[in-house]
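Let's explore a protein together, one question at a time. Have a look at the sequence and the structure, and then follow the turns below.

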Amino acid sequence: GVRAQAVLESMCRFLRLKKNPNAVITLKSRLQEPAWVGRVTVISTDMRAWKTELRADIMVSELLGSFGDNELSPECLDGAQSFLKDDGINIPQWYTATLAPIQSVRLWQEVHHFDKLKNFETTYVVRMFAHNQLAKSKECWTFSHPNKNDPIDNTRECDLTFSIGQDCTIHGLAGFFDCCLYADEHISIDDRHYSEEMFSWFPLYFPIRTPVEVVAGDCVRVRVWRRVSETKVWYEWSILEPVPGPVHNPGGRSQHIGL
């Protein structure tokens, strides 16, 4: 068994692609470590632009964001999947964005303190302490890799309704993810499937301009969009019921991620 493992390891080759120049320096400083010598190659590039005839058996990414796709994981992995063999494995295999309404005077006031529209149309990665999740989270959308669709369309939209069991005030939405790394190996910050001792990701807070008062038994309906253009990706969100509210961040005017 030990000998077979040694033979297998000697046959493995690892390519580490990294766009961040500071991270590249750190990775290259590790190339003389015994486990890396002669086996790991560090390449400073954007994975979407790199050209090679090599094809990988396994492609592992670390692009997962608090809302699953909020750090351009779909766009980056779609651009890099040409490096993967036809029967190659992508890790993660899929991830689902989930959402729930929350009450948090503290979070809302911290955003309101800036007294600017832009801040209410910006999402925030937050470790939520002073908050009350008002309903179980629900699924928004899922991305799977490799993506075999032709053409590939990474725009998404969800329309969700939550039943509220108490008198309360809605101050925004909390976004989470549920992810399948491979087969039955999962990681999640969603309350329904939470991975214990998972501290690498905090929820994504979607603030709303005007808090919404609800009473026990009310239904809260929300809509969220993931928009994609040739140059950027952004989210828009709105409360539809019980009181219609404005669409936040239309056209990505306050927050977007450049492609």
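Q: Over how many bridges do β14 and β15 pair?
A: Keep in mind that this is a predicted model. In it, β14 and β15 run in the antiparallel sense. One example of their pairing is Lys 232, whose bridge partner in β15 is Gly 258. The number of bridges over which β14 and β15 pair is two.

Q: In which order do the four strands of the open sheet lie?
A: Start with β9 (residues 156-163), which is joined to β13 (residues 219-228). β13 is in turn joined to β14 (residues 232-241), and β14 pairs with β15. The pairing in this open sheet is antiparallel, and the order is β9-β13-β14-β15.

Q: Which strands stand at the edges of this sheet?
A: Look for strands that have a single partner strand. One side of such a strand is left without a neighbour in the sheet, so it stands at an edge. The edge strands are β9 and β15 (257-258).

Q: Which residue of β14 is the bridge partner of Arg 223?
A: Arg 223 can be followed in two directions across the sheet. Towards β9, Arg 223 is the bridge partner of Asp 159. Towards β14, the bridge partner of Arg 223 is Ser 238.

Q: How many residues lie between β13 and β14 in their hairpin?
A: β13 and β14 run antiparallel and are joined by eight bridges. Together they form a hairpin. The number of residues between the two strands is three.

Q: Is Ser 104 buried or exposed?
A: Ser 104 sits in the loop between β5 (94-103) and α4 (105-112). Setting aside neighbours within four places in sequence, Ser 104 is in contact with Ala 130, His 131 and His 171. A residue counts as buried under 20% relative accessible area. Ser 104 has a value of 2%, so Ser 104 is buried.

Q: Which residues touch the most other members of the largest nonpolar core?
A: This core has 56 residues. Strand β10 (residues 168-182) gives the most to this core, with seven residues. The residues that touch the most other members are Phe 67, Leu 99 and Trp 141.

Q: How many residues are in the other core, the one with Trp 36?
A: This core lies apart from the largest nonpolar core. Among its members are Val 24, Leu 27, Trp 36 and Val 40. Its number of residues is five.

Q: Which residue joins Pro 92 through a cis peptide bond?
A: Most peptide bonds are trans, so a cis bond deserves a second look. Pro 92 lies in the loop between β4 (84-91) and β5. The bond that leads to Pro 92 has omega near 10 degrees, and the residue before it is Ile 91.

Q: Where does Pro 242 lie?
A: Pro 242 also takes part in a cis peptide bond, with omega about 10 degrees. Its partner in that bond is Glu 241. Pro 242 is found in the loop between β14 and β15.

Q: Is Asp 115 buried or exposed?
A: Most residues other than glycine have a negative phi. Asp 115 has a positive phi, near 55 degrees, and lies in the loop between α4 and α5 (117-120). The cut-off for exposed is over 50% relative accessible area. Asp 115 has 65%, so Asp 115 is exposed.

Q: What is the relative accessibility of Asn 249?
A: Asn 249 is not a glycine, yet it has a positive phi of about 60 degrees. Asn 249 lies in the loop between β14 and β15. Asn 249 counts as buried, and its relative accessibility is 0%.

Q: What share of the residues in the protein is buried?
A: Let's step back to the whole protein, which has five helices and 15 strands. Its C-alpha trace spans about 65 × 40 × 35 Å along the principal axes. The accessible surface comes to about 14,300 Å². Of the 259 residues, the buried share is 43%.

Q: How far apart are the mean positions of the positive and negative charges?
A: The protein has 28 positive and 33 negative charges. Each set has a mean position, and the distance between the two is 6 Å.

Technical notes. Residues are numbered from 1 along each chain as its sequence is written. This is a predicted model: local features need pLDDT of at least 70, side-chain atom pairs count only at pLDDT 80 or more; totals for chains, interfaces and linings use all residues. Side-chain values use heavy atoms; hydrogens and water are left out. Buried means under 20% relative accessible area, exposed over 50%, partly exposed in between (1.4 Å probe, protein chains only). Contact means heavy atoms within 4.5 Å. Two strands pair if DSSP finds at least two bridges between them. Accessible areas come from the Shrake-Rupley method with a 1.4 Å probe; for residues, only the protein chains shown count as cover. Lys and Arg count as positive and Asp and Glu as negative; His and the chain ends are not counted. The place of a charge is taken as NZ of Lys, CZ of Arg, CG of Asp or CD of Glu. A nonpolar core is a set of buried Ala, Val, Leu, Ile, Met, Phe, Trp, Tyr and Cys residues joined through side-chain atoms within 4.5 Å.
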